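Colleague: I have a few questions about the strands, helices and surface of this model. Please keep the answers plain.

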Amino acid sequence: AQDIVSGESEEESNGVNLMEFSDEILLHILSYVPCTDLVLNVRRTCRKLATLCLDKSLTHTVLLQKDYKVNKDKVKQLMRDIGKEIYQLNMAGCYWLPSSTIDHVTRCKNLVKLNLSGCHITSLRLSKMLSTLQHLRSLAIDVNPGFDASQLSSECKATLSRVSELKQTLYTPSYGVVPCCTSLEKLLLYFEILDRSREGFMLSGQLMVGESNVPHYQNLRVFYARLAPGYVNQEVVRLYLAVLSDRTPENLHAFLISAPGSFAETGATKNLLDSMARNVRLDALQLPKAWINGSGLLQHLKFNNPFYFSFSRCTLSGGHLIQRVINGGKDLKSLTSLNLSGCVHCLAPESLFRKAEDDIDSSILESLVVSCCNLRHLNLSAAHHHSSESIGNHLCQLLSRLKHLLSLALPVCSITDVAANVEKPPTASNLVPQTFGRKVRIGIQTYPRNLADQANQKIESSVFWALMGSLRFLETLEIIGSSFSSAMPRNEPAIRNSLPPCVRAQSVGDSEVAAISQLTYLQSLTLAQLPNILTGSGLINIGLQCQHLRTLSLANLGMMGKVVYMSALMDMLKHCKCLRDLRLEQPYFCAGAQFFQALSHCSSLQRLCIVSRSGTLQSDAVMSFMANCLEVIMCHMFMGESLTVCKNLQQSIVRSFQEDRPALNVVIFPLLHEDLTEVIRDVPMRHLDEITLFKSRVAEEPPNLWW
């Protein structure tokens, strides 16, 4: 509100009054202001804004999911002022709000869509709230231990019977509210059940006694299930699938199951897939790798106008991909999102006698590019996609034809110039062992210090530079080493050893990073296991040119025994005014005064995560950073410091800043401590899934899966 008023007075002195703009222009400007600010602050500045701030275009949909400054009192006042005008309310991930806040949602009598994922809510509160929302058609909730469906009132069940879209995150074995939703058309299930309780007892996948085991799937169009690691999650999802195997919905057009590791096929799931092959035509498909590998399933499934495919971690060969999915290279313009992450043979004609490091067959990739010319999201990470020496057939050259790409994930070894690898002898930097052991002095490195000279060296010949130049509208880019694994995997102790990078990746370094600076509209960037980073100078170019960058994740760049890019990173951060999320994973990282002083230039920063084996931190520098960066609400640091140092710093941050930042979440803990997994389980799922845990996120889910 103060910004708008001060802006108005400044404009008046220049002869321009903001209030003289048309209502349409002002409404467009106001649409970028959080709804809580509009209703509680801006509308009190003048009569015109008082009217405009309550316009239906601004109050119809209220998004609180990343409004980290909102508190219980603000929500209460917001619902009191405009509750009857709200038709869509998104409070996803508002973990800091007390459960009593949900009571105020009952004022929104006309709600059609409601997202409460990540919010604290009991069975009784849910029942009371839903009893008053007779127009509700879309609902997202969490099901936590203690949930009891028998506490839901008849009025609540009547509301649920009209719900057609349900997203349910399960932290305990349960059907949740699924049996009450008799009109379901879209069902999204997220299984986050741990195998052990806090007390160390093994959990069972059996559901609570008395729960109905007859979900109503007859109208189902979309079924999506995402499983966290663990056998209990697999047991519970099989119970959800059992009903589907008896009778497959005729209108089913999207069937997606994302399961890490091994998820074996059973007789029931085989019957389900056979029924799908006979009775439905799909538009979106994702299956566990064990359900596809070695089976002729894809040959029998029928597709209508597919928009999403995920064959992540499958042994599907390129020959099968072209013949069974892309119909021999026929037109597949409807496909907008394709996930082939970890599909190591997907660009080879067959996989039987092929090594993962062998060259790809460029004709397969060319068929893919020609057939799926409207792809917007493509993930080829976690595999060795090595191009041959054939001129014009490099992977980067073929991908440059996909002019509509918005997000792209590639392995590091896929972007290297083949000629450069063949003709140039190994450099000293390539011969440095990628280990944590004693450093070997090779000699003085020679590298271009001037960014322009560095760019000019590669611009004429680099296929990756040309690719970046052709994908001007790319918003998300991930370049991840094919053998990279994070030091902090899910539900396991920290990994102490990492695999060496692919030989083809040894030449990828500063020049390739500099090429990324051509992406003017880049919003999210992930770089992991780039071994030939010598100075990190390309990062400065990105900071200068990519002014829309909001998310940055860097992991294991250059030599593992030293953070060689620290100086360049600090220079880069001084230019990242829009950066909101920063994740750094690097051994021996020193989070000291100079680093935090540079980071303080990132005035929009909200979340910081540092993962560093043998890393150090300066507590005073962290406290000063938190005091200067008022928007920061998440600070996760997993370093090499002692437990005492970590606990003292964490307590100091919480004690000093929690009152003014209700959403503040601080976790500072030794990376290699045996209790790390217990600490991780208390991290809000929003932060854990979006930043703390490393993973490839391109084409992870179908676009617009949920609002």
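Colleague: In which sense do strands E16 and E17 pair?

Modeller: This is a predicted model. In it, strand E16 covers residues 551–555, and strand E17 covers residues 581–585. Five bridges link E16 and E17, with Ala555 standing opposite Glu585 in E17. The sense of the pairing is parallel.

Colleague: What is the handedness of the crossover from E16 to E17?

Modeller: Between E16 and E17 the chain passes through helix H22, residues 566–573. This makes a β-α-β crossover, and its handedness is right-handed.

Colleague: Which residue in E19 stands opposite Leu584?

Modeller: E17 is also joined to strand E19, residues 607–611, by five bridges, and these two strands run parallel. Within that pairing, the residue opposite Leu584 is Ile610.

Colleague: Which residues of E17 point the other way from Asp581, Arg583 and Glu585?

Modeller: In a regular strand, side chains alternate between the two faces of the sheet. In E17, Asp581, Arg583 and Glu585 point one way, and all residues on both sides are buried. That agrees with the count for the strand, where five of its five residues are buried. Those that point the other way are Leu582 and Leu584.

Colleague: In E11, what is the bridge partner of Ser310?

Modeller: Strand E10, residues 302–310, is joined to strand E9, residues 281–286, by five bridges, and the two run parallel. There, Arg281 has Lys302 in E10 as its bridge partner. E10 also pairs in the parallel sense with strand E11, residues 337–339, over three bridges. In E11, the partner of Ser310 is Asn339.

Colleague: How many of the eight residues of helix H19 are buried?

Modeller: H19 spans residues 463–470. Its buried residues are Val463, Phe464, Trp465, Leu467, Met468 and Ser470. The helix is largely enclosed by the rest of the structure because the buried count is six.

Colleague: At the start of H19, which residue's backbone nitrogen does a side-chain oxygen of Ser462 reach?

Modeller: The side-chain oxygen of Ser462 comes to within 3.3 Å of that nitrogen. The nitrogen belongs to Phe464.

Colleague: Is Val16 buried, partly exposed or exposed, and what is its relative accessible area?

Modeller: Val16 lies in the loop between helix H1 (2–13) and helix H2 (23–30). With Phe21, Ile25 and Ile29, Val16 forms a nonpolar surface patch of about 300 Å² of accessible area together. Partly exposed is the range between under 20% and over 50%. Val16 is therefore partly exposed, with a relative accessible area of 38%.

Key
Residues are numbered from 1 along each chain as its sequence is written. This is a predicted model: local features need pLDDT of at least 70, side-chain atom pairs count only at pLDDT 80 or more; totals for chains, interfaces and linings use all residues. Side-chain values use heavy atoms; hydrogens and water are left out. Buried means under 20% relative accessible area, exposed over 50%, partly exposed in between (1.4 Å probe, protein chains only). Helices (H or I, at least four residues) and strands (E, at least two) are DSSP runs, numbered from the N terminus. Two strands pair if DSSP finds at least two bridges between them. A crossover is right-handed if, with the strands pointing away from the viewer, the path from the first strand over the helix to the second runs clockwise. Patches are made of residues with over 30% relative accessible area and no salt bridge: like charges are joined within 9 Å, nonpolar side chains (Val, Leu, Ile, Met, Phe, Trp, Tyr) within 5 Å. Accessible areas come from the Shrake-Rupley method with a 1.4 Å probe; for residues, only the protein chains shown count as cover. A salt bridge is a side-chain nitrogen of Lys or Arg within 4 Å of a carboxyl oxygen of Asp or Glu. A polar contact is a pair of N or O atoms within 3.5 Å; within protein, one must be able to donate a hydrogen and the other to accept it, and residues adjacent in sequence count only if both atoms are side-chain atoms.
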